[in-house]
Amino acid sequence: MDHTNINLLHILKENSKLSLSELSQKVNLSVPSTRERIHKLIDSGIIKNYTINIDYSLLGYDIEAIIELTIKNNLYKDFKNYISEQENVAFCYRISGDSCFMFKARFKDMKKAENFIDSLQKYGHSKTHFIFSKVV
């Protein structure tokens with residue numbers, strides 16, 4: 001992985017909609033060389049997919065929370081099935097430490113947040129951190 005590939009990844013991370021011509025100008029390569037590098041990054045699995053960055057507040061999801069869950073009664077599989085079906089969950093990680101899982105969820109109002117958190121209690125003990133702002 002050379003400096004040019006790292007630079008390409010940073011540029012694509014910021015704006016994956018740039019044309020090959022714009023990308024090639026930014027990394028000082030020809031269009032064919034830039035295309036070849038991108039295809040190699042895709043083929044090697046470094047670039048997995050292209051995605052979009054959605055502003056969920058514009059869709060009415062003004063409340064976000066990071067939730068930790070400590071599983072009780074060995075309900076790992078049941079919880080994994082449940083959480084994978086929740087459309088308001090952005091990500092869920094199995095983690096080490098005091099909690100078993102950490103995930104981010106979005107809500108349109110506090111009542112929906114409360115109902116969601118209540119629904120978690122059959123799987124274990126939850127600890128909720130409401131997000132005030134994004135730093136990075």
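This passage describes the domains, the helix packing and several individual residues of a predicted model.

The protein chain is divided into two parts, with domain 1 covering residues 3–44 and domain 2 covering residues 57–131. The C-alpha centres of domain 1 and domain 2 are separated by 37 Å. In an unreviewed entry, UniProt lists residues 1–62 under the label "domain: HTH asnC-type". Over that stretch, residues 1–62, the model has 53% helix and 0% strand, and the C-alpha atoms at its two ends lie 39 Å apart.

Attention turns to the helices at the N-terminal end of the chain. Helix H1, formed by residues 3–14, and helix H3 have axes that come within 11 Å of each other and cross at roughly 80°, which makes H1 roughly perpendicular to H3. On the H1 side the residues that take part are Thr4, Asn5, Leu8, Leu9 and Leu12, and these meet Thr34, Arg37, Ile38 and Leu41 of H3. Helix H3, which spans residues 31–43, also packs against helix H2, residues 20–27, at an angle of about 95° and with the axes 9 Å apart; H2 and H3 are therefore roughly perpendicular to each other. Here Leu20, Ser21, Leu23, Ser24 and Val27 of H2 meet Val31, Thr34, Arg35 and Ile38 of H3. Thr34 and Ile38 of H3 thus appear in the contact with H1 and again in the contact with H2.

The loop between H2 and H3 contains Asn28, a residue that has a positive phi of about 60° although it is not a glycine. Most residues other than glycine have a negative phi. Asn28 has a relative accessible area of 70% and is therefore classed as exposed, the threshold being over 50%. A positive phi, near 55°, also occurs at Asn73, again in a residue other than glycine. Asn73 is placed in the loop between strand E1 (63–71) and H4, and with a relative accessible area of 65% this residue is likewise exposed.

A further helix pair is formed by helix H4, residues 76–84, and helix H5, residues 110–120, whose axes come within 12 Å and cross at roughly 155°. This angle makes H4 roughly antiparallel to H5, and the crossing of the two helices is right-handed. The contact involves Phe79, Tyr82 and Ile83 from H4 together with Phe116, Ser119 and Leu120 from H5. Phe116 of H5 is also among the residues touched by Asn88, which is found in the loop between H4 and E2. Asn88 has a relative accessibility of 16% and, because this value is under 20%, counts as buried. Beyond residues up to four places away in sequence, Asn88 touches Lys104, Ala105, Arg106 and Phe107 in addition to Phe116.

Several residues in or beside the strands have contacts with partners that are distant along the chain. Phe91 belongs to strand E2, residues 89–94, and counts as partly exposed at 28% relative accessibility. When residues up to four places away in sequence are left out, Phe91 touches Ile66, Met102, Phe103 and Lys104. Of these partners, Met102 is 11 residues from Phe91 along the chain, and the C-alpha atoms of the two are separated by 8.3 Å. Lys104 is a partner of Phe91 and also of Asn88.

Cys100 occupies the loop between E2 and strand E3 (101–107) and counts as buried, with 11% relative accessibility. Leaving aside neighbours within four places in sequence, Cys100 is in contact with Leu69, Thr70, Ile71, Tyr76, Tyr93, Arg94 and Ile95. Although Cys100 and Leu69 are 31 residues apart in sequence, their C-alpha atoms lie 5.9 Å apart in space.

Strand E4, residues 124–130, contains Thr128, which is partly exposed with a relative accessible area of 26%. Thr128 and Ala65 are separated by 63 residues in sequence but by 6.5 Å in space, C-alpha to C-alpha. Apart from neighbours within four places in sequence, the contacts of Thr128 are with Ala65, Ile66, Ile67 and Ile117. Ile66, listed here as a partner of Thr128, is also in contact with Phe91.

Conventions: Residues numbered from 1 in each chain as written. Predicted model: local features only at pLDDT ≥ 70, side-chain atom pairs only at ≥ 80, totals over all residues. Heavy atoms only, no water. Helix = DSSP H or I, 4+ residues; strand = E, 2+ residues; numbered from the N terminus. Buried < 20%, exposed > 50% of the residue type's maximum accessible area, 1.4 Å probe, protein only. Contact = heavy atoms within 4.5 Å. Domains from an automatic or database assignment. UniProt positions renumbered as here; feature names shortened; annotations may be inferred. Axes fitted to C-alpha atoms, helices over the stretch in contact; angles between N-to-C directions. Parallel < 35°, antiparallel > 145°, perpendicular 65-115°, else oblique. Left-handed = near helix turned anticlockwise from the far one by under 90°.
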